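Visitor: I've got this model open and I'd like a close look at one part of it, the sheet and whatever packs around it. Could you walk me through that?

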Amino acid sequence: MGQDVVTSFSMMVAEEMDFPLNRLLIEYADANSALGQQMTVGSSSVSLWWNRMREVGAYIRASAVALAASQFSVPAEECSTKNGVVYHVGSQRQVEYLDLIQDVSSLLYDGPITLKANSEFDLIGCEVASELV
């Protein structure tokens, strides 16, 4: 997979998660011929996966909010997120995503997810250096 699409996918997930890009580690699987033809074709990977990658990030953010709200005993609607932290302003409590989500089994959220509006983007559209060589 081209390194630019790896950076782009990471940015899309981090954006919707409200998580710092430099703290996000996404592991990509090697190509596997048993899964059929696999390729990246110019910039089409970004447009083809735009919604799905953002939905992954939004799902993780919603899961973190649900877990924090449960821990704080408050409605999820009263919580907000920024830089990988869930905040409850009323009680001045906060918790990092990484303290909430220890493994995939904790991501059992089944409620609605909401994607950010383009005007809310803090990361997408910004220049970042790829750390891949």
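Guide: Here is a tour that starts with the whole chain, goes into the sheet, and ends in two loops.

Keep in mind that this is a predicted model. The protein chain has three helices and three strands, and along the sequence they come in the pattern α-α-β-β-β-α. Of its 133 residues, 35% count as buried. If you look at contacts with a sequence separation of 6 or more, 62% of them are between residues 24 or more positions apart. The accessible surface is about 8,700 Å², and carbon and sulfur atoms account for 52% of that.

Now the sheet. The three strands make an open sheet, ordered β1-β2-β3, with antiparallel pairing. β1 (79-82) and β3 are the edge strands; each has a single partner, so one side of each has no neighbour in the sheet. From one strand to the next, the twist averages 25°. Strand β2 (residues 85-88) pairs with β3 over four bridges, in the antiparallel sense. If you want a spot to click on, Tyr87 stands opposite Gln94 in β3.

Stay on β3, which covers residues 93-96, and pick out Val95. Is Val95 buried or exposed? Its relative accessible area is 9%, and since the cut-off for buried is under 20%, Val95 counts as buried. What does Val95 touch, once you skip residues up to four places away in sequence? The list is Ala68, Gln71, Phe72, Gly84, Val85, Val86 and Leu100. Take Gln71 from that set: Gln71 and Val95 are 24 residues apart in sequence, with their C-alpha atoms 9.4 Å apart in space.

Val86 is worth a stop too. Again leaving out residues up to four places away in sequence, Val86 touches Ala64, Val65, Ala68, Phe72, Cys79, Ser80, Thr81, Arg93, Gln94, Val95, Tyr97 and Leu100. Val86 also belongs to the largest nonpolar core, which has 27 residues; Met17, Cys79, Val86 and Leu100 are the ones that touch the most other members. Helices α1 (3-17), α2 (44-72) and α3 (97-100) each supply at least two residues of this core. The largest share, eight residues, comes from α1.

From the core, move to the loop between α1 and α2, where you'll find Asp18. Asp18 is buried, with a relative accessible area of 13%. Apart from its neighbours within four places in sequence, Asp18 is in contact with Arg61, Thr81, Lys82, Asn83, Gly84, Tyr97 and Lys116. Two names on that list, Thr81 and Lys82, take you back to the sheet, as β1 spans 79-82. The backbone deserves a look as well: Asp18 has a positive phi of about 60°, although it is not a glycine.

Which other residue is there to set beside that one? Try Ser73, a residue other than glycine whose phi is also positive, near 60°. Ser73 lies in the loop between α2 and β1. Here the surroundings contrast: Ser73 counts as exposed at 66% relative accessibility, whereas Asp18 is buried.

Definitions and conventions. Residues are numbered from 1 along each chain as its sequence is written. This is a predicted model: local features need pLDDT of at least 70, side-chain atom pairs count only at pLDDT 80 or more; totals for chains, interfaces and linings use all residues. Side-chain values use heavy atoms; hydrogens and water are left out. Buried means under 20% relative accessible area, exposed over 50%, partly exposed in between (1.4 Å probe, protein chains only). Contact means heavy atoms within 4.5 Å. A nonpolar core is a set of buried Ala, Val, Leu, Ile, Met, Phe, Trp, Tyr and Cys residues joined through side-chain atoms within 4.5 Å. Two strands pair if DSSP finds at least two bridges between them. Axes are lines fitted to C-alpha atoms, for helices over the stretch in contact, and angles run from 0 to 180 degrees between N-to-C directions. Accessible areas come from the Shrake-Rupley method with a 1.4 Å probe; for residues, only the protein chains shown count as cover.
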